[in-house]
Amino acid sequence: MKIRLAAPLQEDSVVDGFGVRTVIWTQGCSHNCPFCQNPQTHDFEGGALFDVEDIKEEIKNLKNQNGITFSGGDPLFQIDAVLEIAKFAKRENLNIWCYTGFTYEEILKLGEKNKNYLEFLKYIDVLVDGKFVNELKSLNLLFRGSANQRLIDMPKTLKSGKVVLIPESDGIIETFSSKKEKLFI
Ligand code: SF4
């Protein structure tokens, strides 16, 4: 299986979720949010194709990373490939974040036609959902660009059946990885 990426894996990011993370920059997005910061990732024929098995091997060899983050582009346009990678990363005890222009509710709708969307959500620790809305842009938001976007605690959301947001006000965040380390932000 192949995945189209905008760039090779980027290790040591501290701005794409809690802790130190490796970002998977997927290529392809049709949400067309005005003032998108990554317009070069929109073209579905852009970037380059990578073998998912090679990406898994790279993930296996990661050192000193709290987790991985799917970003883009929109990872959900390549649901089969990101599901495969997410399953593998979870087996490697990595915490997983995913940025998407779809809202959580829209993903549930997509899941009615393709169960892989629902399956994918089971492996995600934090879903950052929704399009970037320039009118709602703020530099004070944690790990997202506009106020409509949510940091959704996926395990708690799936368990309770209603959207649960992660707390972000006390300066000390307990991550949702299996390691349960405390991180100061
Ligand atoms: S979803 Fe993300 S990558 Fe796609 S247009 Fe919106 S901001 Fe850009």
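Biologist: Why is alanine 89 called buried?

Modeller: In this predicted model, 23 other C-beta atoms lie within 10 Å of alanine 89. The cut-off for a buried residue is 20 or more, so alanine 89 meets it and is classed as buried.

Biologist: Which residues does alanine 89 touch, apart from those up to four places away in sequence?

Modeller: Alanine 89, which lies in helix α2, touches Ile59, Ile68, Leu94 and Ile96. Its C-alpha atom is also separated by 7.6 Å from that of lysine 56, although the two residues are 33 residues apart along the chain.

Biologist: What makes the length of α2 agree with that of a helix at 1.5 Å a residue?

Modeller: The expected span is 1.5 Å times one less than the number of residues. For the 13 residues of α2 this gives 18 Å, and the end C-alpha atoms are 18 Å apart, so the two values agree.

Biologist: Which residues of α2 are buried, and what do they pack against?

Modeller: The buried residues are Ala81, Val82, Leu83, Ile85, Ala86 and Ala89. They pack against the strands β1 (2-5), β3, β5 and β6, and against the helices α1 (52-60) and α4 (115-122). Helix α2 (residues 79-91) lies across β3, β5 and β6 (95-99), and runs at about 155 degrees to β6. After α2 comes asparagine 93, with a positive phi near 65 degrees.

Biologist: What makes the sheet open, and which are its edge strands?

Modeller: The 6 strands stand in the order β2-β3-β5-β6-β7-β8 and form an open sheet with mixed pairing. Its edge strands are β2 (10-13) and β8 (150-153), each of which pairs on one side only. From one strand to the next, the twist averages 25 degrees.

Biologist: How do you know that β3 and β5 pair?

Modeller: Pairing requires at least two bridges between the strands. Strand β3 (residues 21-25) and strand β5 (residues 67-71) are joined by 5 bridges, so they count as paired. They run parallel, and arginine 21 has glycine 67 in β5 as its bridge partner.

Biologist: How do you know that β7 pairs with β6 and with β8?

Modeller: The test is again at least two bridges. There are 3 bridges between β6 and β7, which run parallel, and 4 between β7 and β8, which run antiparallel. Both counts satisfy the cut-off, so both pairs are accepted. Valine 128 has a place in each pairing: it is the bridge partner of tyrosine 99, and it stands opposite leucine 151 in β8.

Biologist: What makes both faces of β7 count as covered?

Modeller: In strand β7 (residues 126-129), Val126 and Val128 on one side are buried, and Leu127 and Asp129 on the other side are buried as well.

Biologist: Why is phenylalanine 35 called exposed?

Modeller: Phenylalanine 35 has 12 C-beta neighbours inside 10 Å. A residue is exposed at 12 or fewer, so phenylalanine 35 falls at the limit and counts as exposed. Phenylalanine 35 is placed in the loop between β3 and β4 (48-51). Its C-alpha atom is separated by 35 Å from that of glutamate 57, 22 residues apart along the chain.

Biologist: Is asparagine 64 buried or exposed, and why?

Modeller: With 8 C-beta neighbours inside 10 Å, against a limit of 12 or fewer, asparagine 64 is exposed. Asparagine 64 belongs to the loop between α1 and β5, and its phi is positive, near 55 degrees.

Biologist: Why is phenylalanine 143 called partly exposed?

Modeller: A buried residue needs 20 or more neighbours and an exposed one has 12 or fewer. Phenylalanine 143 has 18 C-beta neighbours inside 10 Å, which lies between those limits, so it counts as partly exposed. This residue sits in the loop between β7 and β8 and has a positive phi of about 60 degrees, although it is not a glycine.

Biologist: What is the omega of the cis peptide bond between glycine 72 and glycine 73?

Modeller: Omega is about 15 degrees for that cis bond. Glycine 73 is in the loop between β5 and α2.

Biologist: Which residues come nearest to the ligand?

Modeller: Of the 13 residues around the ligand, the nearest are Cys29, Cys33, Cys36, Gly101 and Phe132. By class, the shell holds 4 nonpolar, 7 polar and 2 charged residues.

Terms used: Residues numbered from 1 in each chain as written. Predicted model: local features only at pLDDT ≥ 70, side-chain atom pairs only at ≥ 80, totals over all residues. Helix = DSSP H or I, 4+ residues; strand = E, 2+ residues; numbered from the N terminus. Axes fitted to C-alpha atoms, helices over the stretch in contact; angles between N-to-C directions. Contact = placed C-beta atoms within 7 Å. Near = placed C-beta within 6 Å. Nonpolar A, V, L, I, M, F, W, Y, C, P; charged D, E, K, R; others polar.
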